[in-house]
Amino acid sequence: MSDTNLTPAPIDWMALLPIIGVTATGVIAMIIEMIRPRQTNNAIVWCCLIGLGVSAYFVLANWSRPAEETFGGLFMNDRFGQVTQLLLIGVAFITVLFSEGYLREKRVPFGEYYPLVLWSTVGGMIMVATRDLLILFLGLEVLSIALYVLAGLKSGEKRSQEAALKYFLLGAFASGFMLYGIALIYGATGTTHVTGIGELYALRETLVDRYPFNVLYAGIGMVTVGFAFKAALVPFHMWTPDVYHGAPTSVTGFMAAGSKIAAFAALIRFLDGAMDLSSVWLPVLTVLAVLTMFLGNLVALVQRDAKRILAYSSIAHAGYLLVAVIAYSKAQGMFDVEIGYGTVIYYLLAYGAMTLGSFAVLSLTARGGREGTLLEDFHGLWRRAPFPAAMMLIFMASLAGVPLTGGFVGKLLIFKDAIAVDMLWLALVLAVNSVISVFYYLRIVLAIVVREPDLHPTRFAAVNPGLFAACGICGFLLIWIAVAVDPFMKWISPPEQHAIELRESPPESSVE
Amino acid sequence: MEGIPLAAYLSLGAVMFAIGALGVVIRRNPIVIFMCIELMLNAANLTFLAFARYHETPLSRIIDPNDTYMTGQMAVIFVMAVAAAEVAIGLGIIMAIFRSREEIDVDKLNLLRG
Amino acid sequence: MNPYLPIVLLLVLAAVICTAMVTLSWLLGPKRITPYKSAPYECGVEPVGSARERFPIKFFLVAMLFILFDIEVVFLWSWMAVFRDWTETGHPAAAYSFWAVMVYMFLWFLGDAYVIRSGALDWEVSATLHPAKLGDLAEGPEVSDEPRPVPPSVAPAAAETAGSAT
């Protein structure tokens with residue numbers, strides 16, 4: 001090795017500031033916990049909220065800069081990454097906002113919770129802002145490893161432990177697949193940057209044998225399996241209901257919203273790189289999408305536990321999102337259709353807001369160290385806590401796709417995209433599934449509003465200001481993005497030359 | 001590097017990976033499952049290193065071979081760090097389960113059903 | 001030279017040394033046989049009995065700590081190998097890499113300090129929650145694990161709803 005190649009690449013610190021900000025906030029929160037371990041977490045919560053706000057400001061400070069790769073091609077600073085980073089910061093913000101009351105009622109207000117949530121967010125932010133598979137893998141692991149711990153936070157409770165162990169074993173198994181796939185892609189192309197795939201494809205005429213392509217196909221397949229695990233697509237969804245059920249409710253909300261946003265954003269980046277081979281993986285993804293939608297919705301119908309219903313509902317929503325991703329990918333290969341990533345981002349935002357909000361309301365059943373999440377446990381929530389119950393109606397309406405909510409507009413956009421790329425049947429599958437889903441969301445609504453409390457008359461925690469604010473923000477967002485669709489879509493879509501660069505920028509090779 | 005062809009390393013990696021994946025599916029003890037996962041990660045490491053050593057790819061004309069070489073080496077160090085973090089977390093979770101119940105057979109972890 | 005020669009040499013050397021150690025201690029050492037010493041060595045675990053018994057939990061803690069420090073050294077070692085050359089040749093990135101590693105070490109020590117501070121290294125106690133963490137709730141009602149007794153007046157209605165729910 002000659003020495004000149006080891007010169008570090010120039011670093012664009014400005015683009016990295018959001019990630020550094022969230023990381024540093026986590027470190028500060030940990031120091032606060034270290035200095036005063038025997039006091040309430042209020043100081044930590046405030047520190048985290050302020051830090052997340054500052055990091056969001058850093059993202060916006062990068063907003064108008066041109067899209068470019070920095071860090072020697074490891075970090076992509078473009079509008080897509082900025083928007084998804086903003087989404088992840090928002091998810092962490094709301095999670096931190098409503099957690100403290102729940103954790104106290106659950107008797108697990110460990111100070112470690114907050115740094116772990118923030119660092120998990122950092123993992124997601126790294127995932128969405130890179131086009132290098134190795135960095136993507138690192139981000140994924142940072143996201144997941146923190147979540148393994150969070151899932152087992154209530155270490156004395158057997159359900160929580162079991163969830164942590166299941167999540168850990170299956171998650172690590174999936175990472176193994178993903179990593180081996182990355183190694184194969186690296187072997188075929190000689191780089192871990194996703195653009196290498198397209199460049200190898202461009203050389204296909206000049207190659208003597210098919211060897212690198214067979215390795216490449218295997219690699220792409222295994223990476224896709226890894227993504228399918230993380231995004232909970234059928235048939236790789238087995239862990240989802242158990243883990244969502246066993247983990248503390250606030251963690252479940254964060255997991256459902258945050259890790260899905262990160263997984264889908266990273267999936268889009270990966271598929272963008274592998275776009276030339278889309279004839280190979282599009283059919284596979286289509287099958288996965290149909291399976292995911294049907295299984296998620298049908299199994300949710302027979303559940304009796306609210307958390308499990310929402311877990312299966314989140315599987316179904318992963319299916320809807322996958323339809324959006326398929327439409328986006330298919331449009332890239334068609335000359336007359338122009339579909340941006342806007343639909344996916346819109347639906348991710350709507351999904352994040354409604355999922356987090358509904359888990360925040362579910363967390364109200366924790367009281368004195370116990371928690372009941374069966375549907376019967378929610379009887380009479382309407383009387384005890386009118387505001388969260390009212391917000392829950394909005395969340396359920398949005399999840400089911402009732403007009404005037406973000407969920408409805410999101411589904412409409414996906415529907416339109418699917419028709420635009422000649423996949424009417426997939427759009428119809430989506431519509432049928434939305435109808436099926438109404439039934440189980442209706443059961444939750446009935447339990448909250450109509451049924452009278454019989455068995456556990458005083459099982460609800462008092463509504464704390466944090467939870468109040470979290471529900472309010474999520475509810476407001478869902479209505480607002482439904483009303484102001486066009487300004488929002490314009491806001492998140494890239495400037496004109498952005499879109500061109502996203503597809504055509506070459507990978508940065510060595511920096512001299 | 002005369003003598004041993006690339007295919008030998010790749011085959012060893014593939015076999016290790018298959019053994020690991022099979023072990024995860026059929027073994028019942030979480031610690032053994034865990035060891036199998038480590039085996040899978042190490043198979044990926046071996047593949048990375050083998051490819052890094054034989055860094056001739058069709059793209060060698062546009063990508064600096066030195067970059068290719070360093071990427072593979074770097075990947076292994078990163079993966080080792082990830083694996084270590086997973087070991088620490090995994091053992092921590094298993095320890096927490098040890099403390100509160102007698103056995104850790106995954107077939108007996110069946111509170112979550114549905 | 002055959003590339004396998006060093007490996008063969010290593011194997012031969014290891015075999016010779018091990019044989020020498022066992023043979024010499026058998027020839028030269030005193031022989032007093034006790035039940036403990038005649039039992040096969042099993043790394044501190046009862047050699048006879050169910051093989052499925054639990055390992056002492058301390059082993060896991062040692063393993064966790066070992067692997068973390070182990071990997072820390074992997075990073076330091078690979079950095080150090082480059083850094084030594086760089087300082088000799090006056091490479092422009094030497095100072096930068098030094099400070100990067102300092103940040104890494106700072107985070108490492110911070111984590112270490114946190115682990116010690118929170119008592120996670122004590123073998124006998126696990127991390128516990130201080131009551132002050134609960135704030136106002138500390139004196140709040142503790143709900144028992146038993147289901148709440150149903151007042152006789154609503155008991156029939158409760159039974160009905162439970163029946164209809166299933």
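Chain B meets chain C through 13 residues on its own side and 14 on the side of chain C, where contact means that C-beta atoms, placed from the backbone, lie within 7 Å. Here is how three sets of residues divide by class; Ala, Val, Leu, Ile, Met, Phe, Trp, Tyr, Cys and Pro count as nonpolar, Asp, Glu, Lys and Arg as charged, and the others, Gly among them, as polar.

| Set | Nonpolar | Polar | Charged |
|---|---|---|---|
| Side of chain B that touches chain C | 10 residues | 2 residues | 1 residue |
| Side of chain A that touches chain B | 24 residues | 17 residues | 8 residues |
| Contact of H6(A) with H8(A) | 18 residues | 6 residues | 1 residue |

Please keep in mind that this is a predicted model: local features need pLDDT of at least 70, side-chain atom pairs count only at pLDDT 80 or more, and totals for chains, interfaces and linings use all residues. Residues are numbered from 1 along each chain as its sequence is written, while chains are lettered from A and ligands numbered from 1 in the order in which they are written.

The contact between chains A and B takes 49 residues from chain A and 43 residues from chain B. On the side of chain A, the largest share, 20 residues, comes from H6(A). Helices here are DSSP runs (H or I, at least four residues), numbered from the N terminus.

H6(A) also packs on helix H8 (residues 211-230) of chain A, at an angle of about 155° and with the axes 7 Å apart; axes are lines fitted to C-alpha atoms over the stretch in contact, and angles run from 0 to 180 degrees between N-to-C directions. That makes the pair roughly antiparallel, the word for angles over 145 degrees.

How values were computed
Contact = placed C-beta atoms within 7 Å. Helix = DSSP H or I, 4+ residues; strand = E, 2+ residues; numbered from the N terminus. Parallel < 35°, antiparallel > 145°, perpendicular 65-115°, else oblique.
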